[in-house]
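Me: I should like to go through this model by question and answer. Please reason briefly each time and close on the value or name requested.

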Amino acid sequence: MLIVGVALASGGFLFSRKEFLFVAFVLIAVPLAALGYVALRGARVHVTRVFAPGIVPAGGEAVVSLVVRNIGRRPSFGARWRDQAASGILVPQDALLPALGRHQSGADGGDDTARLEYTLRPRRRGVYDIGPLILGMGDPFGLAYAERPVGEPHDLIVTPRVSALPGSGRALSSGTGALHELLRHTNPNSDELIAREYRPGDPLRRVHWAATAKRDELMVRQEEQRSNPEARIILDTTLSGASAAERAGLSERYGRLDSAVELALETVASIAMQLLASGFRLDVVETGPSQLISGGGENSHGGLRGGLRGDAPCSFRTPGGDRALLEGLANLQVPWPTPRVEAGEAPAGSALRTSSHLPAFAVLIDIDEEETHALAALRPYCEPAVAFVLDTMRRSAIETLIDAGWHCIELRSPQQIPDAWAEAERGRIHDVA
């Protein structure tokens, strides 16, 4: 219409035809009026966005609930809405926004409020920006359309998948914790029982006769929970076995490493949730500088070198530790560069040698020779020592770990995680027998 209007206006001036000028004026004025309409009639709204659940595993579903409230004096109608999302997240196409009445004081839920919902199905772990909401407004003639962002983006936390593992994890521990071991070795004949008052339904075989005679009332035995089971997970976050040139030059190898990283993090999440649910205090050791501390671990100091190079591990326990660990794994960046170790620094694994005979589970993607020897040297401090090795690991590194006494279990797909865990439990029970 603008092009034809300009052409007719030129012809009207050239040939002195007033009717051309009139038509040209109409053709030019209507699009300009449409542009002014959409420019001045933008909706003034307030947007609230809520995810349910707050964090979602990869491959799961999250319901996004939006509350759009008109804060302007004029009603809003005819607008279209769509949500924005980071790359890797699919959001629905634009749709018509319900009509909003003029703003009313009071709580949400009146004519000035619209509630919207849609479902997201993220396929990969990570932290994704969802939003801001995009509102589009067109003119009645359909000649102009303008979109404006409304509100702020919110983070959707997508954690690694957690596979259900068989067993409880208790069979993997040769002891029940450092505190229990210390008490047992200090006084091996100590009776770790306490006495309490008899309650209806208590079996008579649990009557504590000495306490009954002393207190002149019926007392029964009750085991005192002194155990404080501990375990550690060692995660490869540097991928130092392959040089940067190899990763840049071989796209196939990099693609395999990328898939292996997600499998490794899913393995760590599954094992960690199993151990935390069993009551273990869990130390997570990263071969690179610690990234999990900001995710809610007990340690408040930052790790600059990594657990294998002297930094203390990040500890988690329930309640709350499971969520903090999953959020940390969602934010984890792999590979993570490791600074060069200067002369005179603490030897590899020095922070892990303070507690002996703790269950250790290493999830290895592609470690170099130095990290392989560091793990081999930690074998005397781990019981059991289980390494879940992915198919990107070098055979020479696996053989070195086996020679050092690590029980190496190969992993190739997420479906093998429960079977690999069962194999680890079977191997541990056999060793104890």
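Me: Which residues are linked in a network of salt bridges?

Reply: The model is a predicted one. Side chains of opposite charge can pair when their charged atoms come close. Here, salt bridges link several side chains into a network, and its members are Arg 124, Arg 125, Asp 258 and Glu 262.

Me: How many salt bridges does the structure hold?

Reply: A pair is counted when a side-chain nitrogen of Lys or Arg lies within 4 Å of a carboxyl oxygen of Asp or Glu. One such pair is Asp 283 with Arg 281, at 3.0 Å from N to O. For the structure, the number of salt bridges is 19.

Me: Is Asp 283 buried or exposed?

Reply: Asp 283 meets the side chain of Arg 281 in a salt bridge. Buried means under 20% relative accessible area. The value for Asp 283 is 7%, so this residue is buried.

Me: How many residues apart in sequence are the parts that Asp 391 and Arg 412 tie together?

Reply: Asp 391 and Arg 412 form a salt bridge whose closest N and O atoms are 3.8 Å apart. Asp 391 belongs to the loop between β16 and α9, and Arg 412 to the loop between β17 and α10, so the parts tied together by this pair have a sequence separation of 21 residues.

Me: Which of the words buried, partly exposed or exposed describes Arg 412?

Reply: The cut-off for exposed is over 50% relative accessible area. Asp 391, with 34%, is partly exposed. Arg 412 has 53% relative accessibility and therefore counts as exposed.

Me: Which residue meets Glu 410 in a salt bridge?

Reply: The salt bridge of Glu 410 has an N to O distance of 2.9 Å and its partner is Arg 395. Glu 410 lies in strand β17 and the partner in helix α9, 15 residues apart, so that distant parts of the chain are linked. Glu 410 is partly exposed at 37% relative accessible area. A value of 47% makes the partner partly exposed as well, and that partner is Arg 395.

Me: At what angle do helix α8 and helix α9 pack?

Reply: Two packed helices are described by the angle between their axes and the distance between the axes. For helix α8 (residues 369-377) and helix α9 (residues 395-404), the axes are 9 Å apart and the angle is about 15°. That angle makes α8 roughly parallel to α9. The crossing of α8 past α9 is right-handed, and the packing angle is about 15°.

Me: Is helix α1 roughly parallel or roughly antiparallel to α2?

Reply: The axes of helix α1 (residues 2-15) and α2 come within 8 Å, crossing at roughly 155°. This makes α1, relative to α2, roughly antiparallel.

Me: What is the handedness of the crossing of α1 and α2?

Reply: The two axes come within 8 Å of each other. The crossing of α1 and α2 is left-handed.

Me: What phi value does Ser 16 have?

Reply: Ser 16 is placed in the loop between α1 and α2. With 63% relative accessibility, Ser 16 counts as exposed. Although Ser 16 is not a glycine, its phi is positive, at about 55°.

Me: What is the area of the nonpolar surface patch made by Phe 22, Val 23, Phe 25 and Val 26?

Reply: Phe 25, one of the patch residues, lies in helix α2 (residues 18-40). Its relative accessible area of 58% makes Phe 25 exposed. The patch formed by Phe 22, Val 23, Phe 25 and Val 26 has an area of about 410 Å².

Me: Is Leu 239 buried or exposed?

Reply: Leu 239 occurs in the loop between β12 and α5. Its phi is positive, about 50°, although Leu 239 is not a glycine. With a relative accessibility of 2%, Leu 239 counts as buried.

Me: What distance separates the C-alpha atoms of Trp 336 and Thr 238?

Reply: Trp 336 is located in the loop between α7 and β15. Its relative accessible area is 31%, so Trp 336 is partly exposed. Trp 336 and Thr 238 are 98 residues apart along the chain, and the separation of their C-alpha atoms is 4.9 Å.

Me: Which residue does a cis peptide bond join to Val 334?

Reply: The bond has an omega of about 0°, and the residue joined to Val 334 is Pro 335. The loop between α7 and β15 is the place of Pro 335.

Terms used:
Residues numbered from 1 in each chain as written. Predicted model: local features only at pLDDT ≥ 70, side-chain atom pairs only at ≥ 80, totals over all residues. Heavy atoms only, no water. Patch = residues over 30% accessible without salt bridge, like charges linked within 9 Å, V, L, I, M, F, W, Y side chains within 5 Å. Areas by Shrake-Rupley, 256 points an atom, 1.4 Å probe, with all protein chains shown as cover. Helix = DSSP H or I, 4+ residues; strand = E, 2+ residues; numbered from the N terminus. Buried < 20%, exposed > 50% of the residue type's maximum accessible area, 1.4 Å probe, protein only. Axes fitted to C-alpha atoms, helices over the stretch in contact; angles between N-to-C directions. Parallel < 35°, antiparallel > 145°, perpendicular 65-115°, else oblique. Left-handed = near helix turned anticlockwise from the far one by under 90°.
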